[in-house]
Amino acid sequence: MSSRIPLIYSPKVLELFRNPKNLGAIPDAEIHGTAGSLACGDMIAIYIKLSSDGKTIEKASFESYGCAANIAAASIMTEMIKGKSLEEAWNIDWKTITEELGGLPSVKYHCGVLAVGALRRAIRKYFEGKKDKPSWLPEDLTLEERHAIEEEKLMEQLSKRVQSLK
């Protein structure tokens, strides 16, 4: 007998899990980034294709390895950023994603954080090495970016420990 209590997901989460929107890589994406770790069970890769003038997100897609909430969060986020500027996309936060999904169980909030972390890491990476970084791009990493890095470091440390036990 299992002592686990099943998680209750909103109809929107279940729909996007079963029929994710914008799934798959964009081969000619100008912007791409990842967050998460396959070792922990949740990972998101984000791909963004900009309009010809470079000011608007024309296409956005994702690849995900993870639970229903992870897939739904990445899917809804790609829908939310299409047609927006990079600054507008940057300003989307995990709480907004959670609200758009009709809520998430509290133990799954990290899925929204991870989706935003992947998005912000991708946008930050896009501007690396460019002379004219936008004024809206903060110098310091955001909470979501730090969360993604901390999760990856933890998985790296745990993998090293496991290897040393062999």
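## Glu-144 and its contacts

In this predicted model, Glu-144 is in contact with Trp-94, Val-113, Val-116, Gly-117 and Arg-120, leaving aside its neighbours within four places in sequence. Glu-144 itself lies in helix 6, which covers residues 143-165. With a relative accessibility of 6%, Glu-144 counts as buried.

## The largest nonpolar core

The largest nonpolar core holds 43 residues. The members that touch the most other members are Ile-48, Ile-57, Ile-81, Ile-97 and Leu-101. Both helices and strands give two or more residues to this core. The helices are helix 1 (11-18), helix 2 (68-81), helix 3 (86-90), helix 4 (94-100) and helix 5 (109-127). The strands are strand 1 (31-37), strand 2 (42-50) and strand 3 (57-65).

Ile-57 illustrates the surroundings of one such member. Not counting residues up to four places away in sequence, Ile-57 touches Ile-48, Lys-49, Leu-50, Ile-81, Lys-82, Gly-83, Lys-84, Ser-85, Leu-86 and Ala-89.

## Cysteines and disulfides

The count of disulfides in the model is zero. The sulfur of Cys-67 has its closest cysteine sulfur in Cys-111, at 3.8 Å, and this is too far for a bond, because a disulfide requires sulfur atoms within 2.5 Å. Cys-111 is likewise in no disulfide, its nearest cysteine sulfur being that of Cys-67.

Cys-67 is buried, with a relative accessible area of 19%; the cut-off for buried is under 20%. Cys-111 also counts as buried, at 0% relative accessibility.

Key
Residues numbered from 1 in each chain as written. Predicted model: local features only at pLDDT ≥ 70, side-chain atom pairs only at ≥ 80, totals over all residues. Heavy atoms only, no water. Buried < 20%, exposed > 50% of the residue type's maximum accessible area, 1.4 Å probe, protein only. Helix = DSSP H or I, 4+ residues; strand = E, 2+ residues; numbered from the N terminus. Contact = heavy atoms within 4.5 Å. Core = buried A, V, L, I, M, F, W, Y, C linked by side-chain atoms within 4.5 Å.
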